[in-house]
Each structure stands twice: as structure tokens, then as C-alpha cells.
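The following note is addressed to a colleague who is meeting this structure for the first time. Please read the numbered points with the model in view.

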Amino acid sequence: MEKAAPCRHAGAPPEEVVNLAVNAIQTIVEDDDFLTRRGLTRREFELALPTAIQRIRGSAAASNSDRRDFLVSIFGALKVAGVIHSFRMPDYGDDTVYQLDVPSVGRVAIIQKGCPDGNHSSVKWSRPDWANEAYLWWLCDSLSYQPGEHIAKGVNRLRNRFFDPGYSDAVDGVIFHNSMCGTSVRPCPKKSRSVSIGETEVPPPCLWVMPDRRGIDEIGPGDWNWNGNRELGFPKALLSFFGIVEAEYLNYIGFVGFARGARGTRATIASRYGPGQTTIFRSDAR
């Protein structure tokens, strides 16, 4: 699944190190003298541990305001550069949908989400009626999986939603990009195309064009965007901000395809990150 994205986390702890950390916590539970010196009984420590871990995770993870600030800084730079005419902020608390006015495209919906492996970030959304094009923007700072695994898990959830007759809408693409991209923690193979936004060097986002849902109700085998032949306007506009000209677009725009056959449904995820640079992941049928 790691091939679903071109980047890798640097310094993410291997499984053996995670196991050592688990063993260390278990050792603390059994060390009554250590706990007593800190005013705890073994029972109190065991009861408080889940809440303490959640509190540590909450303080370490990027806040929702950090994610907003990152997106707003990009949209503001796009506006200054003339890539978009304007953008409208969400009504926070009601939704996290940004409305961009993009030349030659019209109104584009950017649906702000967290890590794609969660149901909330990949399934629980709706496409606005006003959107000419709509995208999920995954702002994921988790090191739990490599970026490709996050993407593959999210696309799998989107595949289930795509073929579910209970839904009638679809997004036109997905974007995996946050302030971690291009740093020493998540080195980016597209770093040479980075631009300065404020004091930060920001690389081009990883962007995948999704299939069009038309024809999904037809019975029998079929495929949707399996070979990446769907073209959209916003990906080209977004990449132009990073100096990627029209002749280069196909070297940087990835795609997701779905196929349905006798054995079930499959997904293909192709990532492009420069001339001759491509990774492809294809899922098993299910």
C-alpha cells in the first residue's frame, strides 16, 4: 500500500521500537515504588492511562485551527498570484467547505478533512450543489502509517461509497497535503518545485483525480477512470501556482480508478511526481 503515494515518513518508529515502548509502559504499571513516588497507586494509573494517552495525543496533534491556517495561507497565496479570483471561508461549526472562484473552472469546493483512514474523513461528506468541481483535502499529520497507506485506506473507503447505491454524489479528486509535507519528517520528492508562502517552503500537493460516478447504476462489469483519462480544471490551476506549466501537468497529476467485475470491485492509485516518476498501487478485488 505504500506505493499509493510517492513519499515516505522519515524517522517513523519501526514496529520493534513501538513494541519496546509498549513494554516500557507495562513495566511502569508493575513498578509500585515508581508509581508511589509520583503519588499513584497501580489501580489509579491503570484507570487514568487511557485518558492520559488521549490528552497527550491531543496536545501533540495539529489543532483544527492549524489546519485552517495552512489552507488559508495557500488559498491566500493563490489569490495574490491570480490563480483564483477569490475564496470564501466555511461557516465553522456547520461545515468545513471552502468555496474557491477559479478562472475557467467556476466554483470549486474544497472539503477540509483530517487523515483519510477514518470514516469521517473519507465517507461522511456531501458535495455542495453549487460546486463545478469538488475535492477532499486530507490534512494528515499522523505517523501511524506511511502516506501511501493512509491514501490507500482512504481510497478504499471512497470505493465502498462510490459503489454504494445509497449515495448519489462523488468528489472529483482528493488531495493529501499539510504543513508536514516537505519537512524532514515527511520529505517530498517534489521539493524542487516548492514555492515560498510566508516563511515556509511548500511543495506541490499530491493530487489524484477521482472517477466520474455516471454509469454506476448500470449492471455488469465496468471501469471508471481506470486509465486516468479524466481531465479536470482545478488540478491544472493549482499546479500552475508551483510553476508547473501545461506541458508538465501529466507528470504531476495522479489518478484513482475503480473497476467492477465478477470477483468484486478494485481500485488503482497512480501517483505522478515528475518526469518518468510514477508509483502505482492496485488493490485486490473485494
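1. A pairing in the later part of the chain opens this note. Phe 258 has Ala 267 as its bridge partner in β11. Strands here (E, at least two residues), like helices (H or I, at least four), are DSSP runs numbered from the N terminus. Two strands are said to pair if DSSP finds at least two bridges between them. Strand β11 covers residues 264-272, and β10 and β11 pair in the antiparallel sense over seven bridges. The two are joined by a hairpin through two residues.

2. On the basis of the note: this is a predicted model, in which local features need pLDDT of at least 70, side-chain atom pairs count only at pLDDT 80 or more, and totals for chains, interfaces and linings use all residues. Residues are numbered from 1 along each chain as its sequence is written, and side-chain values use heavy atoms, with hydrogens and water left out.

3. Strand β10, residues 254-261, has further partners. Three bridges connect it in the antiparallel sense to strand β9 (residues 222-224), where Trp 224 has Phe 258 as its bridge partner in β10. Phe 258 is thus named in two pairings, with Trp 224 and with Ala 267. Strand β8 (residues 206-209) pairs with β10 in the parallel sense over two bridges, and Val 209 is matched there with Phe 255.

4. Why is β10 largely enclosed by the rest of the structure? Six of its eight residues are buried, so the strand is largely enclosed. Buried means under 20% relative accessible area, exposed over 50%, and partly exposed in between (1.4 Å probe, protein chains only).

5. Beyond β11, the chain continues to strand β12 (residues 278-282), joined to β11 by five bridges in an antiparallel arrangement. Arg 272 stands opposite Thr 278 in β12. The β11-β12 hairpin has five residues between its strands, and Gly 274 in the turn has a positive phi of about 145 degrees.

6. A second group of strands involves β4, residues 133-138. Strand β3 (residues 106-113) runs parallel to β4, with six bridges between them; Ile 110 has Tyr 135 as its bridge partner in β4. Four bridges join β4 to strand β5 (residues 173-176), also in parallel, and Leu 136 is partnered with Val 174 in β5.

7. Which side chains of β4 point one way, and which the other? Glu 133, Tyr 135 and Trp 137 point one way, whereas Ala 134, Leu 136 and Trp 138 point the other way, and all are buried. The strand is mostly covered, as six of its six residues are buried.

8. Together with helix α6 (residues 147-162), β4 and β5 make a right-handed β-α-β unit. Right-handed means that, with the strands pointing away from the viewer, the path from the first strand over the helix to the second runs clockwise.

9. Two loop residues flank this region. Ala 131 is found in the loop between α5 (119-122) and β4. With a relative accessible area of 11%, Ala 131 counts as buried. Its contacts (heavy atoms within 4.5 Å) include Arg 107 and Ala 109, leaving aside neighbours within four places in sequence. The C-alpha atoms of Ala 131 and Leu 100, which are 31 residues apart along the chain, are separated by 9.3 Å.

10. Gln 146 is found in the loop between β4 and α6. Is Gln 146 buried or exposed? Gln 146 is buried, because its relative accessible area is 16%. Not counting residues up to four places away in sequence, Gln 146 touches Glu 2, Arg 8 and His 9.

11. For the chain as a whole, there are seven helices and 12 strands. Of its 286 residues, 44% count as buried. The C-alpha trace spans about 70 × 50 × 40 Å along its principal axes. Among contacts with a separation of 6 or more, 63% come from residues 24 or more positions apart.

12. Finally, the surface and the charges. The chain exposes about 14800 Å², of which carbon and sulfur atoms supply 49%; accessible areas come from the Shrake-Rupley method with a 1.4 Å probe, and for residues only the protein chains shown count as cover. There are 34 positive and 33 negative side chains, and the centres of the two sets lie 3 Å apart. Lys and Arg count as positive and Asp and Glu as negative, while His and the chain ends are not counted. The place of a charge is taken as NZ of Lys, CZ of Arg, CG of Asp or CD of Glu.
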